[in-house]
Amino acid sequence: MRLFTVLGLFIALGLAPASPALAQIKVLTSFTVFADMARNVAREHAEVVSITREGAEIHMFRPTPGDIKRGLGANVVLWNGLGLETWFERYLENLGNVKAYTLSDGVEPIMIAEGSYEGRANPHGWMSTGNAIIYIDNIVRALSETDPDNAKAYAANGESYKAEIAATFAPIRAAIESLPEQKRWLVTSEAAFSYLAKDFGLKEASIWAINADSQGSPQQVRRIIDLIRDNEIPVIFSESTVSPKPAQQVARETGAAYGGVLYVDSLSTPDGPVPTYLDLLRVTSETIVAGLTAKP
Ligand SMILES: [Zn+2]
């Protein structure tokens with residue numbers, strides 16, 4: 001009764017809040033891909049903010065005071081772990097006492113096979129239709145523990161989001177599985193697609209192992225040129241957050257096609273090609289299929 005009266009007074013004064021019943025939590029994510037995943041799980045129950053912006057290099061990011069300010073007041077923080085965000089733990093110290101959830105928890109790591117990161121886990125765990133389920137479940141858990149009143153909504157949203165991902169990937173998987181065995185190669189600039197390659201039964205090779213490492217040295221380029229020639233691999237791709245030049249050079253020298261840009265570490269802006277995680281997985285997978293099935 002009393003609440004009603006107070007609200008009535010606010011309304012009379014033209015001060016009514018837009019939606020008085022809706023208390024939103026603030027969810028902070030280390031990069032844009034997780035922000036979109038979290039929005040799909042939270043929908044109207046959270047304000048979701050990404051620390052890094054669209055198109056940013058996320059391995060070796062350097063937060064500015066503005067990036068720290070944007071994170072203040074977060075109720076929960078979501079990050080990848082597995083050695084991806086080298087800057088994250090130091091960043092988190094600025095936010096005071098807020099719980100961070102490691103979204104790669106439960107992912108079976110694929111080890112990096114070469115370079116100075118050899119033997120460490122490949123961090124790009126979200127880049128897999130199978131692992132997507134683990135990431136979404138971890139987000140549901142993080143949001144439900146932070147905001148138990150809306151736990152049912154988070155669980156329901158998570159289930160429908162997972163179903164959407166499974167439906168999107170059934171035809172793409174079928175297209176890859178119909179390729180002849182010797183054509184099933186995924187050659188890229190960064191070895192960011194180990195999990196996707198495993199999902200789709202593709203052999204993987206890259207010019208460099210991980211963006212935080214050295215990129216496109218003459219030896220790295222030479223090694224991939226030899227591999228492409230030896231295996232008659234038809235196409236090489238690059239990633240949206242790095243220069244395409246080393247991959248294009250390999251294409252020129254081998255006669256392989258340059259297959260275009262794959263997306264992994266960042267979403268695009270809303271008017272770009274991959275404004276959502278589902279778009280990122282779909283466009284990347286479709287680009288791979290198109291490159292591998294193109295007539296020479
Ligand atoms: Zn990366």
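How many bridges join strand β1 to strand β3? The close-ups below come from a predicted model.

**View 1. Strands β1 and β3 run parallel.** Strand β1 covers residues 25-29, and strand β3 covers residues 76-79. The answer to the opening question is 3 bridges. One residue to find here is threonine 29, whose bridge partner in β3 is leucine 78. Strands of a sheet pair through backbone hydrogen bonds, either parallel or antiparallel.

**View 2. Four strands form an open sheet.** Read across the sheet, the order is β2-β1-β3-β4. The pairing is parallel. Strands β2 (46-50) and β4 (99-102) stand at the edges. Each has a single partner strand, so one side of each has no neighbour in the sheet. From one strand to the next, the twist averages 25°.

**View 3. Helices α2 and α5 lie across strands of the sheet.** Helix α2 (residues 32-42) crosses β1, β2 and β3. Its direction is at about 170° to β2. Helix α5 (residues 129-146) lies across β1, β2, β3 and β4. Helix α5 runs at about 170° to β3.

**View 4. Helix α2 is largely enclosed by the rest of the structure.** Why? Because 11 of its 11 residues are buried. Among them are Val33, Phe34, Met37 and Val41. Asp36, Arg39 and Asn40 are buried too. The buried residues of α2 pack against strands β1, β2 and β3. They also pack against helices α5, α6 (151-177) and α10 (277-293).

**View 5. Arginine 43 comes just after α2.** Look at the backbone here: arginine 43 takes a positive phi of about 50°.

Conventions: Residues numbered from 1 in each chain as written. Predicted model: local features only at pLDDT ≥ 70, side-chain atom pairs only at ≥ 80, totals over all residues. Pairing = 2+ DSSP bridges. Helix = DSSP H or I, 4+ residues; strand = E, 2+ residues; numbered from the N terminus. Axes fitted to C-alpha atoms, helices over the stretch in contact; angles between N-to-C directions. Contact = placed C-beta atoms within 7 Å. Buried ≥ 20, exposed ≤ 12 C-beta atoms within 10 Å, placed from the backbone.
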